[in-house]
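Got the viewer open? Here is a tour, stop by stop, with something to select at each one.

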Amino acid sequence: MTALTSVAGEPLERTIFAVPGAHCAGCMAKIERGLDTLPGVVSARLNLTSRQLSVSHAQSVEIPELIAALERLGFAAQPLSGATAGRQDGESRALLRATAVAGFAAMNIMLLSVSVWSGAEGGTRDLFHLLSGMIAIPTVAYSGQPFFRSAWSALRHGRTNMDVPISIGVLLVTALSLFEALTGGPHAYFDGAVMLLFFLLVGRVLDSVMRDRARDGVAALLKQTAAGALVISEDGASSWLRAEELRSGMRMIIAAGERLAADGIVETGSSSLDLSLLTGESAPRPVGPGGSVHAGTLNLASPLTVRVTAVGQDSSIAEIARLMGEAGQGRSRYVRIADRAARLYAPAVHTLAASSFVVWILLGAGWHQALLIAAAVLIITCPCALGLAVPTAQIVAAGSLMRAGVLVKDGSALERLAEVDRALFDKTGTLTLGRPELVDAAALAPGVQAIALALAQHSRHPLAEAVRRAFEAKGVAPVALFEVQEEPGFGISASCRGERVSLARGESNDGLSTYFTRGTNKRVRLRFEDRLRPEVREAIHRLHDLGIECSVASGDSGPSVATAIRGLGLTAQTGMRPQDKLNLIARLHASGHNVLMVGDGLNDGPALAAGHVSLAPGSASDVGQNAADAVFLGDSLLPVAKAVAAARRTMHVVRQNFAIAIGYNVIAVPLAFAGMVTPLIAALAMSGSSLIVVGNALRLRNAAR
Amino acid sequence: MSGLTYLIPIALLLGLAGLAAFFWAMRSGQFEDMDGAAARILIEDEDL
């Protein structure tokens, strides 16, 4: 409770962090208790589902302090900027509320309807019908809104979709049933109308939940290039500003290990920068005073003072963003399978209902009876099965893919993934791991490995990290070092048992390598390689078996691409700029191919947006992950092939579901047309077909195996 | 049949109570973190 008193009177602020490492009750307790003891922190609460930590704290507590505290607890954390923080799941909640109301109403009306079907007569039946109406009418007015809105916007633009027959059917049936109830008629279809809404809403909720879940997963992965920076004013005072508060002309201090939040020019200091998130290139680039630097790059070696030149919209990635905006337009023209089905289905339903009305009038039935039959035709032909056919199959498949390490952002991505017949891969970071790996750890004797590991632990240079990973994986324990010094662009040195030891680059530029020196001993060369992802060969083989031709489109030079992909049997196009990749995709598209783009870097962003469908690895840049339709986790490339196979299986089940729904219509429509559909038959048909469709979709739960 | 006059209102009220409870649970954020809720029960309270 000390925190509460210490911040009395000070305004509070809420910051959201992504904490991807939290996965159990122990982590939750550790993080929440650890932060609660921090002065100025009022409360900390971890959401284990979205891996997001919400901290409310006094304004005097700076974000880097919180990150440092989390790091001491053993968790890497990234502050989420306003755009990604906080779940924008208003739509899901509204749908869930509508579903709850419809479910409540459906149950109560069914209770009354069952009594009517079991033989309630006369006054009791009329009373039950009236009661049903009193429950059904507010329910239709509330829960029907998502359908009415969508139908209205379609009609206003002169189009029709599945929601048009649903809306007309529900409204017509409710109105007629009300008339029946008031005039003491034998049949009221309130139960049918409300149950239809309930089942259809379940489908919508599933669709929406799937999108939320994947969005949370992707948000937790984002590296948040633009969290903020420490800014020093003219009088020397320094303060932490969020990225959106940075203005051109400000001077920011970038500590080693921090990411730049804005473009700028280096004023003082020299260091090396990791551009891998921007270009996919893993070799660091040295930078000194006067050099220009870009938002999203990681400062590796020593502090820099940078004068901000461009922020947010003006920064160097604006051009890439513009290309992506244009490239994404083609994809928004994609029409989802449910809507394509509705285009054929809606007119047929309307014609059928209208003709049943006309036929019964011609046969001499009264307008009331004819209208009732037309309404029964409408309600029986817009079956819940059709509304559930697509979302149930897609959410089950997406859940299975999520367990296999693929986060699919929405159902339309699964549909497009199933249509792919051509795949393009970026090289660095996509086919390869995008990080250097130590090739010959055995070049160092075991005792020396401990020294190299200790040195490497003091640097964030990618090669040092590779050394650290290699030796830590072998279980080497580091020795104690003194007087550790890091010289930007050169290497790191220290003293160990009276001897000078160092890890440093060589004089000549001989590929990815570094040299280990100890005292006056001969220096040892350590070589590194950007390795292919595990199971690349099998992934490409499987894609080939699925009838998908694969090739490489890389921004790298010809020889280095050739070396990397030797033996994979792939063709490659090299030296491609973002615009060239776009043109290539456009050409393939024009010749009738549906292109799957797999890439990671900022430079792949436009191509990822332009592809018929796109995948990015979890290690990709934020831009890459945002542009891609799905993100695959882990090092292996196999999930790419699994995703395509699972998507095809899903579409297979979706088509089966459509067939079931249509088969049901073939039986039910003639009955409805003949005026033989009583409320009981409508209720049985509806729930029966929905159960079959859901059951069929559940077969996909192991789709990603 | 006269039993219906109070049985039906009771049934409706019970249903409405369930609906209200669901809305309350949703509003108070009980569905925000399904995995966390399952894990939290394992956290031992040190204050006791």
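One bit of vocabulary before the clicking starts: angles here run from 0 to 180 degrees between N-to-C directions, and axes are lines fitted to C-alpha atoms. Keep in mind, too, that this is a predicted model.

**Stop 1: a helix on a sheet**

Select α2 of chain A together with strands β2 and β3 of that chain. The helix α2(A) lies across both strands, and its direction is about 165° from that of β2(A).

Now bring in the rest of the sheet. It is an open sheet of four strands, ordered β2-β3-β1-β4 in chain A, with antiparallel pairing. Look at the two edges: β2 and β4 (78-79) of chain A each have a single partner strand, so one side of each has no neighbour in the sheet. For a pairing inside the sheet, pick β1 (residues 12-18) and β3 (residues 52-58) of chain A, which are joined in the antiparallel sense by seven bridges. Click on A:A18 and you should find its bridge partner in β3(A), A:Q52.

**Stop 2: where chain A meets chain B**

Show both chains. How many residues of chain A are in contact with chain B? There are 19, and they touch 19 residues of chain B. On the chain A side, the elements giving two or more residues are α2 (25-36), β2 (41-47), α4 (90-117) and α5 (122-143). You have already met α2(A) and β2(A) on the sheet. The largest share of this side, nine residues, comes from α4(A).

**Stop 3: a left-handed helix pair**

Stay with α5(A) and add α7 (residues 163-182) of chain A. The two helices pack at an angle of about 150°, and their axes are 9 Å apart. The cut-off for roughly antiparallel is an angle over 145 degrees, and α5(A) and α7(A) are therefore roughly antiparallel to each other. Their crossing is left-handed.

To see the meeting place, colour A:D126, A:H129, A:L130, A:G133, A:A136, A:I137 and A:V140 on α5(A). Across from them, α7(A) offers A:V170, A:T174, A:S177, A:L178, A:E180 and A:A181.

**Stop 4: into the core**

Next, select A:A193. What does A:A193 touch, leaving aside residues up to four places away in sequence? The list is A:A136, A:V140, A:V170, A:V173, A:T174 and A:I379. Some of these should look familiar: A:A136 and A:V140 are in α5(A), while A:V170 and A:T174 are in α7(A).

Zoom out a little. The largest nonpolar core has 146 residues, and those touching the most other members are A:A193, A:V194 and A:A643. Helix α8 (residues 190-221) of chain A gives this core its largest share, 16 residues. There is also a second, separate core of 23 residues, with A:L438, A:L455, A:I492 and A:L526 among them. As background, nonpolar side chains in soluble globular proteins tend to be buried together.

**Stop 5: a right-handed helix pair**

Go to α11 (residues 337-362) and α12 (residues 367-381) of chain A. They pack at an angle of about 155°, with 8 Å between their axes. That makes α11(A) and α12(A) roughly antiparallel. Their crossing is right-handed. Contact residues to highlight include A:V349, A:L352 and A:W360 on α11(A), and A:W367, A:I373 and A:L378 on α12(A).

**Stop 6: a three-strand sheet**

Select β9, β10 and β12 of chain A. They form an open sheet in the order β10-β9-β12, paired antiparallel. At the edges are β10 (285-287) and β12 (298-299), each pairing on one side only. Three bridges link β9 (residues 271-274) to β10(A), and A:L273 has A:R285 as its bridge partner.

**Stop 7: β21 and its two partners**

Select β21 (residues 524-532) of chain A. On one pairing, four bridges join it antiparallel to β16 (residues 432-438) of chain A, where A:E437 stands opposite A:E529. On the other, four bridges connect β21(A) with β20 (residues 513-518) of chain A, again antiparallel, and A:S513 is opposite A:R527. The hairpin of β20(A) and β21(A) has five residues between the strands, and A:G519 takes a positive phi near 55° there.

**Last stop: the whole chain**

Show everything in chain A: 24 helices and 26 strands. Of its 705 residues, 50% are buried. Among contacts with a separation of 6 or more, 70% are between residues 24 or more positions apart.

Technical notes: Residues numbered from 1 in each chain as written. Chains lettered and ligands numbered in written order. Predicted model: local features only at pLDDT ≥ 70, side-chain atom pairs only at ≥ 80, totals over all residues. Pairing = 2+ DSSP bridges. Buried ≥ 20, exposed ≤ 12 C-beta atoms within 10 Å, placed from the backbone. Contact = placed C-beta atoms within 7 Å. Core = buried A, V, L, I, M, F, W, Y, C linked by C-beta atoms within 7 Å. Parallel < 35°, antiparallel > 145°, perpendicular 65-115°, else oblique. Left-handed = near helix turned anticlockwise from the far one by under 90°.
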